Amino acid sequence: MDEQRKPLGVSILGWLNCVVFGALFFFMSLSSYSKATPQDLEKITEIFKNQGIAAPITYQQFKIACLFYIGIASIFFLSGLGLLLSKEWARKLTLGFALLAVIVVFLGVVISPVLIQQAIMQIIYPGILIVYFTNKKVEAYFKKEHKSPRI
């Protein structure tokens, strides 16, 4: 069988998902979950107020949000690892997760229009993932069998 070379973008986005958005965010969120105090939450609430976001949250809600981010980081890690190993399920997971992120950000802006500046930044990376992984050449790469994927 003809061995197709892994596209450079697959490696770059796979490493970003796995290391930056996966492992790094996982440990940052885990640290926030385990070490955050109610005083830290007061500082965060003040930062939100300075940005025009009047969304006070309780300490309990903050802890739940940290757990939510740990879950998101885990999905990024798994999808990144799967992309590096050239797995079709990882391409589909990445696409589905990116699409979900865009939808959630869009709904956030509909609910609170003041979030529009943050929303633009939060849509860029998922948008790149959607455009790149729906490219016909990239799709074809994942649909072929690979003998020994290079990470």
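Trainee: Is Cys66 buried or exposed in this structure?

Mentor: Let's start with the cut-off: a residue counts as buried when its relative accessible area is under 20%. In this predicted model, Cys66 has 5% relative accessibility, so Cys66 counts as buried. Cys18 can be read in the same manner: its value is 6%, and therefore Cys18 is buried too.

Trainee: And how many disulfides does a search of the whole structure find?

Mentor: For that we look for a pair of cysteine sulfur atoms within 2.5 Å. The search finds zero disulfides.

Trainee: Good to know. What pattern does the chain follow along the sequence?

Mentor: Reading along the sequence gives α-α-α-α-α-α. There are six helices and zero strands. The C-alpha atoms fill a box of roughly 60 × 30 × 20 Å along the principal axes. Of the 151 residues, 31% count as buried.

Trainee: How should I read the contacts in the chain?

Mentor: Look at how far apart in sequence the partners are. Among contacts between residues at least 6 apart, 77% join residues at least 24 apart. Leu30 and Ile70 show what separation in sequence can look like in space: they are 40 residues apart along the chain, yet their C-alpha atoms are separated by 6.6 Å. Leu30 sits in helix 1.

Trainee: Is Leu30 buried, exposed or partly exposed?

Mentor: Buried means under 20% and exposed means over 50%, with partly exposed in between. Leu30 has a relative accessible area of 36%, so Leu30 is partly exposed.

Trainee: Which residues touch the most other members of the largest nonpolar core?

Mentor: The general idea comes first: in soluble globular proteins, nonpolar side chains tend to be buried together. Here, the largest nonpolar core has 15 residues, and Tyr125, Leu129, Phe133 and Phe142 touch the most other members. Helix 1, helix 3, helix 4, helix 5 and helix 6 (136–143) each supply at least two residues of this core. Helix 4 gives the most, with four residues.

Trainee: Could we follow one core residue outward? What is Leu129 in contact with, leaving aside its neighbours within four places in sequence?

Mentor: Leu129 is in contact with Leu13, Asn17, Thr94, Leu95 and Ala98. Let's pick Thr94 from that list. Thr94 lies in helix 4, and with 3% relative accessibility it counts as buried. Not counting residues up to four places away in sequence, Thr94 touches Asn17, Ser79, Leu83, Leu129 and Phe133.

Trainee: Which residue has a positive phi although it is not a glycine?

Mentor: As background, most residues other than glycine have a negative phi. Ser86 has a positive phi of about 60 degrees. Ser86 is found in the loop between helix 3 and helix 4, and with a relative accessible area of 6%, Ser86 is buried.

Trainee: Last topic: pockets. What volume does the largest pocket have?

Mentor: When reading a pocket, look at its volume, then its lining. The largest pocket has a volume of about 1900 Å³. Of the 42 residues that line this pocket, Phe68, Tyr69, Ile72, Val105 and Gln122 are the closest to its centre.

Trainee: Which helices each supply at least two residues of that lining, and how does the lining divide by class?

Mentor: Helix 1 (8–35), helix 2 (38–50), helix 3 (59–84), helix 4 (88–111) and helix 5 (116–133) each supply at least two residues. By class, the lining has 34 nonpolar, eight polar and no charged residues.

Conventions. Residues are numbered from 1 along each chain as its sequence is written. This is a predicted model: local features need pLDDT of at least 70, side-chain atom pairs count only at pLDDT 80 or more; totals for chains, interfaces and linings use all residues. Side-chain values use heavy atoms; hydrogens and water are left out. On a 1 Å grid over the protein atoms alone, a cavity is a set of points where a 1.4 Å probe fits but cannot get out, and a pocket is an open set with protein on both sides within 12 Å along at least five of seven lines; lining residues have an atom within 4 Å of a point. Grid points are joined across faces, edges and corners, and a volume is the space filled by probe spheres set on the points. Ala, Val, Leu, Ile, Met, Phe, Trp, Tyr, Cys and Pro count as nonpolar, Asp, Glu, Lys and Arg as charged, and the others, Gly among them, as polar. Buried means under 20% relative accessible area, exposed over 50%, partly exposed in between (1.4 Å probe, protein chains only). A nonpolar core is a set of buried Ala, Val, Leu, Ile, Met, Phe, Trp, Tyr and Cys residues joined through side-chain atoms within 4.5 Å. Contact means heavy atoms within 4.5 Å.
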